[in-house]
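Subject: A structure for you to look at

Hi there,

I am passing this structure on to you, together with some notes to help you find your way around. Please open it alongside this email and follow along.

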Amino acid sequence: MSHSSAYPSVVPVGVDTTRASAARVYDAALNGKDNFEVDREVLARVRTVAPQVNDLAWANRHFLIRACRFLSSQAGIDQYLDLGSGLPTAENTHQAVQRVLPMARVVYVDNDPMVLAHARALLDGNPDTSIVSADIFRPFDVLSNRMIRSELDFDRPLALFQIGTLHHYLGDDGAALMQTYIDALPAGSFVAIAHFCNPETPEYGELAKQMEDKFVNSPLGSGRFRTVPEIASFFGNLEMIEPGLVLCDDWWPDGPRLSPLSPPRHCIVGGIGRKRS
């Protein structure tokens, strides 16, 4: 796969290198190579108030992988709709779930031209994984997409991911947006969400506000740190899987914690809900 920073001319058609993109900023935070100076500038600005800002991305990524392992091994879910897939890194949704269930189907949805170009190259030859170009914040467009409908069986349980995505939605109707998705899911389905959070605590509330200010007023223009009740509303009336909506690092960690969490890791939460009926 060509790395755009190493070969500046290898830029997919439609990529605006003067504006940051959520996928490329995320890639930069994970020490990837598929990003530009404008994307790294976003992190540099946030780093002035949160030196360990990259930990937001790592907490998000590790939550994603643990969610994939849980859903594939414990819940037996074999079809996934991953909204806002981001740029491919070392471990992606399809790799994590297909390790457990080799025939699991994964559909990624994104509208970032660079993501689409890289993902199509990466996924070439994997018949059970595909990427669809659509705006994840237009649920009716996603849910009526013919390719998504042909790849996934909406008569059987599936998992829907909004992991590290909804904090880039600036509207105040996020709960309604998510309810549209939830209503379309069959019974037994799961929804996984990870989101920047203002924990409203003396230790980290101010940090969350400062990080939000830097993100929103950067070339990215988004990065809302919503409160726990606001994020909880995105799950509608789904039955929350234990331990509920918690810090991403506290959602079924891989082992005992031997070192304290960095301050930014106290400002991102995740959870999984199940649709009973």
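Which residues line the largest cavity? Before the reply, please keep in mind that this is a predicted model. The lining is made up of Ser85, Gly86, Leu87, Pro88, Asn92, His94, Tyr108, Ala119, Leu122, Leu123 and Ile131. The volume of the largest cavity is about 70 Å³, and the count of cavities of 30 Å³ or more comes to 1. Helix H5, which covers residues 113–123, gives the most to this lining, with 3 residues. By character, the lining of the largest cavity has 7 nonpolar and 4 polar residues, with no charged ones.

Now for the pockets. The largest pocket has a volume of about 950 Å³. It is lined by 46 residues, and the closest to its centre are Ser21, Ala22, Ala23, Asp112 and His168. At least two lining residues come from each of H1, H3 and strand S2 (105–110), and H1 gives the most, with 6 residues. Sorted by type, the lining of the largest pocket holds 24 nonpolar, 14 polar and 8 charged residues.

The second largest pocket contains about 210 Å³ of space. Around it you will find His62, Arg66, Asp249, Pro253, Asp254, Gly255, Arg257, Leu258, Ser259, Pro260, Leu261 and Arg265. Of the residues in this lining, 5 are charged, 4 are nonpolar and 3 are polar.

Two of the helices that help to line the largest pocket, H1 and H3, are also worth viewing as a pair. How do two packed helices get described? By the angle between their axes and the distance between the axes. For helix H1 (residues 22–29) and helix H3 (residues 54–74), the axes come within 8 Å and cross at roughly 95 degrees. Angles of 65 to 115 degrees count as roughly perpendicular, so H1 and H3 are roughly perpendicular to each other. On the H1 side, the contact is made by Tyr26, Ala28 and Ala29, while H3 brings in Asn54, Ala57, Trp58, Asn60 and Arg61. The residues of this contact comprise 5 nonpolar, 2 polar and 1 charged.

If you want a place to begin, try Ala22 and Ala23, which are among the residues closest to the centre of the largest pocket, and then turn to where H1 meets H3.

Best wishes

Key:
Residues are numbered from 1 along each chain as its sequence is written. This is a predicted model: local features need pLDDT of at least 70, side-chain atom pairs count only at pLDDT 80 or more; totals for chains, interfaces and linings use all residues. Side-chain values use heavy atoms; hydrogens and water are left out. Axes are lines fitted to C-alpha atoms, for helices over the stretch in contact, and angles run from 0 to 180 degrees between N-to-C directions. Helices (H or I, at least four residues) and strands (E, at least two) are DSSP runs, numbered from the N terminus. Angles under 35 degrees count as roughly parallel, over 145 as roughly antiparallel, 65 to 115 as roughly perpendicular and the rest as oblique. Contact means heavy atoms within 4.5 Å. Ala, Val, Leu, Ile, Met, Phe, Trp, Tyr, Cys and Pro count as nonpolar, Asp, Glu, Lys and Arg as charged, and the others, Gly among them, as polar. On a 1 Å grid over the protein atoms alone, a cavity is a set of points where a 1.4 Å probe fits but cannot get out, and a pocket is an open set with protein on both sides within 12 Å along at least five of seven lines; lining residues have an atom within 4 Å of a point. Grid points are joined across faces, edges and corners, and a volume is the space filled by probe spheres set on the points.
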